[in-house]
Amino acid sequence: MNVIMPQLGETVAEGTVSVWHKKVGDTVAENELLFEVSTDKVEVEVPAPASGVITEILIGEGETVDVGTTLAIIADASNGAAAGGAGETGTLPTPLGVAPATAGRAGADDPPLSPAVRKLVAEHGLDPAAIAGTGRGGRLTKADVLAHIEGGAGGAAVGNRDPRGQPLSPVVRRLLGEHGLDAAAIAGSGRDGRIKRDDVLAAVSSRGPAPSAAKAPPAPVKAPAGGQVIPLSKIRKLTGAHMVASKATSPHVLQAVEADFVRIERARKAHGEAWKAREGFGLTYLPFLARAVCRAIGDFPHINASIDGDNLVVHGRVNLGIAVDLGFEGLMVPVVKDAHTRNVAGLALAIRDLSTRARDGRLTPDDLTEGTYTLSNSGPFGTLITAPVINQPQVAILSTDGVRKKPVVIESEDGDMIGIRPVGVIAQSFDHRAFDGAYSAAFLGRLREIVETTDWSAEIG
Amino acid sequence: MSARKKTQSQPKSRARARSLAPNIANDDIGEALRLKLYTSQLECRQIEQKAYDLFLQNLIKGTSHLGLGQEAIAAGFATAMQPKDYTFCTYRGHNHTLARGASMEGVLGELMGRQCGLLGGKGGSMHLTSVEHGAMGSYAIIGAHLPIAMGAAWSAQYRGTDQVSVCFFGDGTTNIGAFHEALNMSQVWKLPVVFVCENNLYMEYTPISQVTAVEHPAADRASAYGLERIVVDGNDADEVYRTAQTAFARARAGEGPSLIEAMTYRHSGHSRADPATYRPEGELEEWLKRDPIPSYRKRMLEFGIKEKDIVAVETNVTGRVNAAVETAKASPPPSNDVLMTEVWADGGSAWRN
Amino acid sequence: MAELTYREAVAAGIAQEMKRDPNVVFLGEDVAAAGGVFKTTVGLLEQFGPDRVRDTPISEQAILGAAMGAAMTGLRPIAEIMFSDFFAVCWDLVANEMAKSRYMTNGQVTVPVVVRTANGGGVRFGAQHSQSVENWAMAVPGLKVVAPSTPADVIGLLAASVRDDDPVVFFEQKSLYATKGEIPDGEHVVPLGQANIARQGKDVTIVALAAMVPRALKAAEILASEHGIDATVIDPRTLVPLDTRTILEETIKTGRLVTVEENPRLCGWGAEVVSIVSEEAFWDLDGPIVRITTPHIPLPSADALEDLALPSVERIVETIRTSVD
């Protein structure tokens with residue numbers, strides 16, 4: 001029986017095998033964990049589709065292949081032949097003497113840039129070294145570049161011409177990439193100043209014992225006295241890369257309002273116990289805020305948008321991402337799809353489900369895609385204010401922090417007086433390319449108004 | 001080459017065949033050889049009929065050119081040959097290959113594209129070959145094998161053996177260039193090659209008479225190459241046998257090539273795809289009356305061979321044919337790894353390092 | 001070491017093999033008594049007799065058929081097709097019969113035949129007697145294809161071809177018949193499938209065949225002395241089996257490849273070499289690959305026109321000078 005690359009989401013066409021839990025020759029039982037697949041958002045555990053012995057592993061760890069590609073073959077343990085009837089009919093044997101000559105090529109380990117990648121990289125002025133490659137052996141695929149472009153990061157161009165407009169030959173491009181050199185910094189001795197292979201090789205050797213190329217493994221880090229070196233986990237690295245790219249893409253502006261949560265509090269007190277008894281978990285501020293955000297977006301739709309080239313793409317649905325911390329080990333942002341169609345109860349249930357599954361590692365790729373706005377909640381830790389990083393390709397993100405009892409001024413007909421109210425700061429980081437401070441401020445103002453004036457008990461439904 | 005009467009090749013045998021009381025005492029062929037000739041013809045007939053059936057069952061793909069009705073020529077010559085002699089035939093070569101001793105399951109298996117096929121499934125119906133039996137190939141390009149047969153004769157002459165090279169082809173071949181080149185050069189070099197034209201009256205779908213400048217496409221060209229004009233009844237295995245013997249004797253004696261035109265008729269179309277509607281009405285029926293096999297059976301009885309012995313031969317042949325069918329059917333298709341083999345003598349196909 | 005002309009080397013090569021193996025026989029038109037129209041087989045009839053060296057009628061199909069039939073039955077024949085253009089007359093025997101019989105019979109039939117022919121132009125014989133057609137043979141699976149450029153290689157490769165159990169088409173370049181070269185003493189055999197690096201350079205790799213080899217070498221001298229371009233020149237010597245390893249290694253060293261082919265442009269042998277290099281050494285190319293060929297026309301007979309058509313030393317120099325920087 002063939003083990004194939006599963007489809008990790010409706011719009012996903014590729015996947016990377018990240019971990020094999022079995023090797024060739026191992027026996028596996030049906031539904032036993034066989035391998036893991038990753039995209040840049042999630043790692044999915046895949047069980048074996050049948051019992052038997054692994055006779056071949058065709059795609060190794062780190063390789064990216066199309067959905068449907070055969071990754072491994074399980075032989076039915078009973079008769080040793082491929083089980084399930086869908087076995088291979090046999091591949092064309094390798095013709096004698098067809099193996100290509102592998103005469104020495106410098107840096108033969110680093111996969112080169114394909115013509116399609118180079119074209120995209122040139123057109124968008126990108127630095128391929130800054131884009132993670134998910135192709136076979138870490139190769140940068142066209143899809144990687146396209147995904148990166150959607151993420152909107154910029155960088156230095158390599159392309160297929162040097163800054164002077166002279167063509168860069170295949171070997172020159174390969175060498176520039178392998179050694180992390182900039183074509184602009186190399187003088188060309190070829191016709192019309194073209195950079196020749198030997199020019200690059202000369203530049204490499206004159207650089208002396210240079211630091212390794214971008215893709216070379218770094219030297220091991222020494223732990224400081226009394227300290228420790230903790231290698232960054234895959235998810236932390238991915239998150240970090242996303243954050244860096246986000247800050248490099250969007251000019252972040254922070255704005256905040258301070259809101260009186262009394263009405264939400266009242267609703268919580270009134271319905272909390274019954275809710276907990278019925279649903280098994282408590283009713284927090286978060287679903288109320290989520291509802292308020294959806295309503296406020298209704299009045300300020302540009303908040304719920306993305307930048308695509310020279311356009312602001314305003315989304316019709318509100319797919320609300322909820323940032324979930326995984327026990328200090330990482331951050332995930334599962335998405336409540338069509339949040340604007342749900343009430344507080346619905347949102348509470350959805351948020352609960354997503355965060356539970358996030359912590360259990362049971363999110364599906366569809367749970368992590370197509371978000372249009374994000375809520376980040378540091379409230380439980382009692383923070384004052386947070387300036388969150390925008391979740392690309394969205395244009396804004398909201399942070400809710402600690403709600404504490406504070407003395408506030410309450411205005412009434414009879415004059416101002418001091419009261420005790422639950423108060424919290426709601427802060428939005430927005431992308432100044434999408435709209436200005438006034439629009440964001442107006443949105444926040446409306447949000448506070450909704451928080452402070454809604455009859456939340458009625459909203460719980 | 002001494003002059004001979006043009007119209008008769010074997011006056012003696014014609015007289016014998018027509019007598020009402022066969023003269024057994026003067027029978028130069030004899031019972032054993034007759035049974036052998038009959039067996040050979042029967043094997044060819046039954047295998048070709050099986051090929052026909054298997055094609056209808058879609059177990060034989062592509063195309064096949066059946067020699068139904070032409071068995072006497074293949075049997076007659078093969079019986080007159082020695083195992084060391086070479087034969088070359090056309091794509092209508094199942095009979096000729098069987099008659100030299102190739103296995104039945106080898107022939108059927110090859111038609112069905114199976115491992116047990118003579119060629120391992122790589123050549124197909126049109127290229128049946130069994131070098132160990134001297135069957136040096138069936139050739140699909142009209143005329144190509146005439147000079148090749150001549151080459152085998154040259155080799156025999158050069159090596160000083162008395163091997164003969166026998167080349168079978170159809171009436172249509174007599175109009176292609178290679179026919180003329182081969183005849184001319186064989187005669188000039190006096191090579192031990194016997195060219196046998198099986199004139200079944202049709203060049204593929206066209207009557208041969210419509211496309212040939214002379215009446216007998218082979219025999220009437222013989223004189224152009226200094227060869228004797230020889231026309232025989234290709235449906236009379238005895239006549240064929242005797243003619244073959246004469247030609248072989250000449251060749252082995254170093255007297256050079258012969259060109260024999262054997263008149264016959266094919267019962268089926270040119271190939272499996274051909275329903276042969278171009279034949280005039282009644283022509284097939286007329287020739288079926290002269291079907292070599294029932295005629296020969298009748299003759300054997302006339303010569304006093306016992307019915308039960310004949311039946312024993314028939315039963316034996318049928319049994320072996322049926323067994324061969326089963327063997328061939330049970331044989332698997334060739335394994336994938338033979339695809340890239342045997343282009344070169346080292347068994348491989350590499351064109352580079 | 002003796003010095004022989006290319007045409008003398010043909011006779012010497014055939015003689016070397018006929019002497020060694022009594023099964024080697026030779027046939028063709030005007031090859032025996034007349035010693036060949038190009039005088040390439042002078043003396044063979046006298047040395048080996050009329051049973052082994054035979055004149056034939058003008059019957060190309062019969063010549064090749066006879067060679068094949070003899071090869072299938074124990075002999076090792078050499079057949080001559082006078083002008084390689086005439087292959088068109090008997091191509092069935094070469095491409096359908098000799099090339100395919102072993103495969104079709106799954107190895108039952110062996111065809112150890114050598115078909116020699118005078119190939120190429122430059123001698124003002126006109127279009128039907130001047131084409132280089134080694135690419136026709138290269139395109140047929142089941143044929144080995146040999147094209148020597150020096151007298152020594154004529155002998156060595158002819159010996160290897162006769163000793164090879166497969167059908168070999170042996171292209172002698174008629175414009176080289178008068179050229180001279182040193183021949184090693186004793187029996188000389190050059191294995192098929194081994195290219196010769198005729199000149200080692202570092203700036204560009206030239207792959208040239210047969211009559212184009214001396215022109216490429218001359219061009220390389222001029223490029224080095226007048227234009228500061230140091231070229232490697234590779235003579236593949238056989239097209240099938242092809243020494244791709246040497247071609248790839250030498251191309252990777254320089255990063256530039258140029259072919260020099262006498263055949264007409266389309267589907268010339270160089271096209272296949274270029275295809276292999278661009279696929280397997282793409283990332284080592286420092287510039288586009290260039291083919292220098294005869295244009296895609298029949299060859300004219302007037303000497304000025306013919307010289308214009310065939311790749312000349314000047315054209316080779318100029319093309320490389322302008323394309324390699």
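How many helices and strands make up the secondary structure of chain C? Colour chain C by secondary structure and count along: there are 12 helices and 14 strands. Keep in mind as you click around that this is a predicted model.

**Stop 1: chain C as a whole**

Select chain C by itself. Of its 325 residues, 61% count as buried. Now think about who touches whom: among contacts in chain C with a separation of 6 or more, 78% are between residues 24 or more positions apart.

**Stop 2: the five-stranded sheet**

Next, pick out β9, β11, β10, β13 and β14 of chain C. Going across in that order, they form an open sheet with mixed pairing. Look at the two edges, where you'll find β9 (196-199) and β14 (290-294) of chain C. Each of these has a single partner strand, so one side of each is left without a neighbour in the sheet. Ignoring direction, neighbouring strands here are turned by 25° against each other on average.

Zoom in on residues 204-208 and 231-235 of chain C. These are β10 and β11, and they pair in the parallel sense over four bridges. For one bridge to look at, select C:T205; its partner in β11(C) is C:T232.

**Stop 3: helices on the sheet**

Keep the sheet on screen and add residues 212-227 of chain C. This is helix α8, which packs on the sheet and touches β9, β10, β11 and β13 (257-264) of chain C. Compare arrows with β11(C): the direction of α8 makes about 175° with that of the strand.

Now add residues 269-280 of chain C, helix α10. This helix also packs on the sheet, and its contacts are with β10, β13 and β14 of chain C. The direction of α10 makes about 155° with that of β13(C).

**Stop 4: where chain C meets chain B**

Bring chain B back. The contact takes 42 residues from chain C and 39 residues from chain B. On the chain C side, select α3 (60-72), α4 (87-98), α5 (101-104) and α9 (244-254), the elements that give two or more residues. The top contributor is α3(C), with nine residues. Colour this side by residue class and you get 17 nonpolar, 17 polar and eight charged residues.

**Stop 5: where chain C meets chain A**

Finally, swap chain B for chain A. Here 14 residues come from chain C and 15 residues from chain A. Which element gives the most to the chain C side? Select α9(C), which supplies five residues. By class, this side of chain C has five nonpolar, three polar and six charged residues.

Note on methods:
Residues are numbered from 1 along each chain as its sequence is written. Chains are lettered from A and ligands numbered from 1 in the order in which they are written. This is a predicted model: local features need pLDDT of at least 70, side-chain atom pairs count only at pLDDT 80 or more; totals for chains, interfaces and linings use all residues. Two residues are in contact if their C-beta atoms, placed from the backbone, lie within 7 Å. Ala, Val, Leu, Ile, Met, Phe, Trp, Tyr, Cys and Pro count as nonpolar, Asp, Glu, Lys and Arg as charged, and the others, Gly among them, as polar. A residue is buried if 20 or more other C-beta atoms lie within 10 Å of its own, exposed if 12 or fewer, and partly exposed in between; C-beta atoms are placed from the backbone. Two strands pair if DSSP finds at least two bridges between them. Axes are lines fitted to C-alpha atoms, for helices over the stretch in contact, and angles run from 0 to 180 degrees between N-to-C directions.
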